[in-house]
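Reader: I'd like to go through this one with you and ask how each label was earned. Can you show me the chain?

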Amino acid sequence: MIGRSGNPALKESTFLDLASGTVVRRDGDAMTLNGTVNKTGALLLLCVITAAFAWSQVQFTESGAVGAGPYIWGGIIGGLVFAMVTIFKKEWAPVTAPMYALTEGFFLGAISAIFEHRFPGIVMQAVMLTFGTLFALLFAYRSGLIKATENFKLGVVAATGGIALVYLVTIALSFFGVRVPYIHESGLIGIGFSLFVVVIAALNLVLDFDFIESGVEQNAPKYMEWYAAFGLMVTLVWLYIEFLRLLSKLQSRN
């Protein structure tokens with residue numbers, strides 16, 4: 001049985017053939033763990049390249065950031081489009097996953113430049129915390145300190161869904177000029193909420209590791225390395241953004 005993941009890109013039906021409902025197997029040219037790691041590294045490199053470019057294009061004046069808008073919105077919309085295409089057409093992942101990484105890099109670079117301008121040093125802190133969390137949880141998972149039991153998976157998936165609902169409600173209310181109090185502010189409640197979201201995002205990495213390992217054991221097709229790398233990157237991007245939000249709230253109190 002393929003494991004459950006809170007990541008929308010890595011769900012139970014990912015490795016299933018839609019016609020037969022059975023796991024797709026490729027004995028000769030199958031998905032491997034090393035291949036998935038290499039693909040993840042390639043996606044991160046592509047993301048860093050476009051992020052660095054977008055960062056260099058953002059300028060700051062007395063009235064605020066100049067030039068960030070096109071990269072932020074282009075990255076959000078482009079990333080969403082390529083993410084949806086990748087999720088629904090998994091076999092296209094060798095092409096769409098790199099495109100997702102490139103477009104997401106534009107968004108991350110521009111938004112990071114804005115955070116860095118307001119809170120110098122925050123981006124490096126968020127990057128270090130993101131990758132520190134990744135390697136710490138990978139070690140904990142591989143050593144057996146954390147096990148992706150069914151109850152663990154259900155809890156993380158439920159919490160992830162709750163967070164997604166809160167964010168969707170917040171966005172919907174913002175269109176009507178209504179701002180959800182406390183959770184997006186730098187008070188204790190806001191910091192506590194961000195800390196909770198960071199923990200849940202981090203725990204999704206454990207589910208992703210378990211899910212990828214299951215795909216390797218099931219001899220999933222080779223293109224699933226790109227798809228699995230894409231799914232892992234979705235979680236890493238979410239975790240990085242939440243670290244930025246948490247650190248900005250903490251520094252706002254100083």
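Author: What follows is a set of questions and answers on helices, burial, salt bridges and a surface patch. Keep in mind that this is a predicted model, where local features need pLDDT of at least 70, side-chain atom pairs count only at pLDDT 80 or more, and totals for chains, interfaces and linings use all residues. Residues are numbered from 1 along each chain as its sequence is written, and side-chain values use heavy atoms, with hydrogens and water left out.

Reader: How do you know that α4 has the span expected of a helix?

Author: The expected span is 1.5 Å times one less than the number of residues. For α4, residues 122-143, that rule gives 32 Å for 22 residues, and the end C-alpha atoms are 31 Å apart, so the two agree. Helices here are DSSP runs (H or I, at least four residues), numbered from the N terminus.

Reader: What makes the buried residues of α4 line one face?

Author: Buried means under 20% relative accessible area, exposed over 50%, and partly exposed in between (1.4 Å probe, protein chains only). In α4 the buried set includes I122, A126, T133, L137 and Y141. Looking down the axis of α4, the buried residues fall within an arc of 140°, so they line one face; the arc is that of the directions from the helix axis to the C-beta atoms. The face turned away from the buried side carries the exposed M124, M128, F135, F139 and R142.

Reader: Which helices do the buried residues of α4 pack against?

Author: They pack against α1 (33-57), α3 (93-118), α6 and α7 (224-252), where contact means heavy atoms within 4.5 Å. Just after α4, G144 takes a positive phi of about 85°.

Reader: Why is K249 called buried?

Author: K249, in helix α7, has 6% relative accessibility, so it counts as buried. K249 touches I183, H184, E185, S186, G190, I191 and S194, leaving aside residues up to four places away in sequence. K249 and H184 are 65 residues apart in sequence, yet their C-alpha atoms are 8.6 Å apart in space.

Reader: What makes E150 and K153 a salt bridge?

Author: A salt bridge is a side-chain nitrogen of Lys or Arg within 4 Å of a carboxyl oxygen of Asp or Glu. The closest N and O atoms of E150 and K153 are 3.5 Å apart, so by that cut-off the pair qualifies. Both lie in helix α5, three residues apart, about one turn. E150 is partly exposed at 45% relative accessibility, while K153 is buried at 6%.

Reader: What other salt bridge does K153 form, with D210?

Author: K153 and D210 have their closest N and O atoms 3.2 Å apart. That pair links distant parts of the chain, K153 in α5 and D210 in α6, 57 residues apart. D210 is buried, with a relative accessible area of 13%.

Reader: How many salt bridges does a search of the whole structure find?

Author: Eight. One of them joins E225 and K222 at 2.9 Å, N to O. E225 is buried at 0%, and K222 counts as partly exposed at 30%. K39, K222 and E225 are linked in a network of salt bridges.

Reader: Why is V178 called partly exposed?

Author: V178 has 40% relative accessibility, so it counts as partly exposed. V178 lies in the loop between α5 (150-174) and α6 (188-217).

How values were computed. Helices (H or I, at least four residues) and strands (E, at least two) are DSSP runs, numbered from the N terminus.
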